[in-house]
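This report describes the fold of one protein chain. Please keep the sequence and the model open while reading.

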Amino acid sequence: MASNGTSSDALLCLRQAIASNNHPILTTSSTPAVADNTTTDLAQATHLQFHHPNQHQDIFPLNEPTRFVSPDKTVDLRAVYFAWQRKDDAGADYIAATRKLNEELPAGAGGSIQNLVFAERLDLINWLDGSSDESEFIKPLDEEVAKAHKEAEGVARLAAGGAGGSSATDTGFAGASESQLQEIYNSERRMGDRNSILHGIKATDFTYIRQHAETFLRKSRPQPAAGRSGAPPSSIPQNPALIPNRPKTGRRIEPIILLSPSASSLLRIGNIKSFLESGLYTDADAASGSNILHISRLLPSLDPQRPLRFILVDSPDQFKPDYWSRVVAVFTTGQQWQFKSYKWQNPPELFSHALGVYVGWRGEQVPQTVRSWGRGVMTTEIDKYHPAQGVRGRIRDREVVEAIWTTIEERMRSSGEWGSGR
């Protein structure tokens, strides 16, 4: 619980601190931070202190459960803060760091911290840094706590206005009390977006409608002519409106692009973002602190208003089963060992579900294995890289990048599963 005795939420405090770049302080006691009880060692710390713009402080025990819930149990504040500190770590590095921290935790520190899987950690980081306002793993905030945080934000805004040169007297809010602010908030009209109003908070299963419709369709379906023996008519209706789609939630599904982990690949985690976003090829050996990247791209034929956010990874080791339906492209060098951990290990079958992309040096022959995989793989060439050539020497990269995005967009549109409603 917060030290000031009011209802506060540790997750919201951490998100607000990240947004304002006002980092919390690790302490070894529940009293306000002083030189003697502050620390940078998460294993030795027992509390996390937040400083707000209105001089208000919140102090939470690190072993306090949060609203972030893993399928097994609630996750405490220490595990959440540690996941944020290690947000740029690759999966293996994060697991190793978690194991090391658990070994360093003293007895009575609240047990060991929980190791979050790939999907949970990505979801938590996106929510904390403001990239997403929704999380499937975070429980809704209690109404009273939400009001308290909203009131605190209002007071903080007034304080910030006075500090910025626009005094409370100038704005007419001098002497505004917390009760007055609460009265204003109570009169506000709560608004919802299209997704929350139309879809609710849970995906709805309409299977019962499909089964009910089959009763009427069976009566109206023409019977096969006498004397003709053929396969019995399918009991599954062919009306596209009755074909069950994937359940839709208020959160937009992000397509996934898989990269080749091979050292011989021209495009890897270190240079793929520059290539696909800026149309500029750079050294493939450039270091990258993460094995997860995000790229946003407007695909007009799918949604002319909002860019799609793509996830780029070089390994499916942390995939859940339903993630494979979101894979839209696979960059490959033609080495089949890349697909050993894939759902579809046979290349022709893999590239019937996702677009294959092979990028090689201009003038060099495409490997025979890639050519044997057929039209499911797009092959393209780029100019050989020289460190001294500069941006002007890479002028043709943009043309190749646009061709790759166009092909990905056409493949996604032809699948019928990606559009403005998804």
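The text below covers the overall make-up, the two sheets, the helices packed on them, and a surface patch.

**Basis of the report**

The model is predicted: local features need pLDDT of at least 70, side-chain atom pairs count only at pLDDT 80 or more, and totals for chains, interfaces and linings use all residues. Residues are numbered from 1 along each chain as its sequence is written, and side-chain values use heavy atoms, with hydrogens and water left out.

**Overall make-up**

The protein has 13 helices and twelve strands. These elements are DSSP runs numbered from the N terminus, with helices being H or I of at least four residues and strands being E of at least two. Of the 422 residues, 38% count as buried. Buried means under 20% relative accessible area, exposed means over 50%, and partly exposed lies in between (1.4 Å probe, protein chains only).

About 24,000 Å² of the protein is exposed, and carbon and sulfur atoms supply 51% of that area. Accessible areas come from the Shrake-Rupley method with a 1.4 Å probe; for residues, only the protein chains shown count as cover. Among contacts in the protein with a separation of 6 or more, residues 24 or more positions apart account for 59%. A contact means heavy atoms within 4.5 Å.

**The four-stranded sheet**

An open sheet of four strands has the order β2-β1-β3-β4, with antiparallel pairing. Its edges are β2 (38-39) and β4 (57-61); each has a single partner strand, so one side of each is left without a neighbour in the sheet. Two strands pair if DSSP finds at least two bridges between them. Strand β1 (residues 25-27) is joined to strand β3 (residues 47-51) by three bridges, and T27 stands opposite H47 in β3. Helix α1 (residues 10-19) lies across β3 and β4 and runs at about 55 degrees to β3. For such angles, axes are lines fitted to C-alpha atoms, for helices over the stretch in contact, and the values run from 0 to 180 degrees between N-to-C directions.

**The six-stranded sheet**

A further open sheet has six strands in the order β8-β9-β7-β10-β11-β12, with mixed pairing. The edge strands are β8 (292-297) and β12, each of which pairs on one side only. From one strand to the next, the twist averages 25 degrees. Three of the strand pairs in this sheet are set out below.

| Strand pair | Bridges | Sense |
|---|---|---|
| β8 and β9 (residues 308-313) | six bridges | antiparallel |
| β10 (residues 327-331) and β11 | three bridges | parallel |
| β11 and β12 | six bridges | parallel |

Individual bridge partners can be located in the model. H294 has I311 in β9 as its partner, V330 is matched with G356 in β11, and V359 stands opposite T380 in β12. Strand β11 (residues 355-361) is mostly covered, with seven of its seven residues buried.

Which residues does M378 contact, leaving aside its neighbours within four places in sequence? They are L355, G356, V357, Y358, A403, I404 and T407. M378 is found in strand β12 (residues 377-382) and counts as buried because its relative accessibility is 13%. Its C-alpha atom is 8.0 Å from that of I404, 26 residues apart along the chain.

**Enclosed helices**

Eight of the nine residues of helix α2 (residues 77-85) are buried, so this helix is largely enclosed by the rest of the structure. The buried residues include R78, Y81 and W84.

In α4, eleven of the eleven residues are buried, so α4 is also largely enclosed by the rest of the structure. Charged residue types are represented in this set, among them E120, R121 and D123. The buried residues of α4 pack against α1, β5 (65-69), α2, α3 (91-104), β8 and β9. Just after α4, G130 takes a positive phi of about 85 degrees.

**A surface patch**

F206, Y208 and I209 make a nonpolar surface patch of about 340 Å². Patches are made of residues with over 30% relative accessible area and no salt bridge (a side-chain nitrogen of Lys or Arg within 4 Å of a carboxyl oxygen of Asp or Glu). Like charges are joined within 9 Å, and nonpolar side chains (Val, Leu, Ile, Met, Phe, Trp, Tyr) within 5 Å. Y208 is found in helix α9 (residues 207-220) and counts as exposed because its relative accessibility is 54%.
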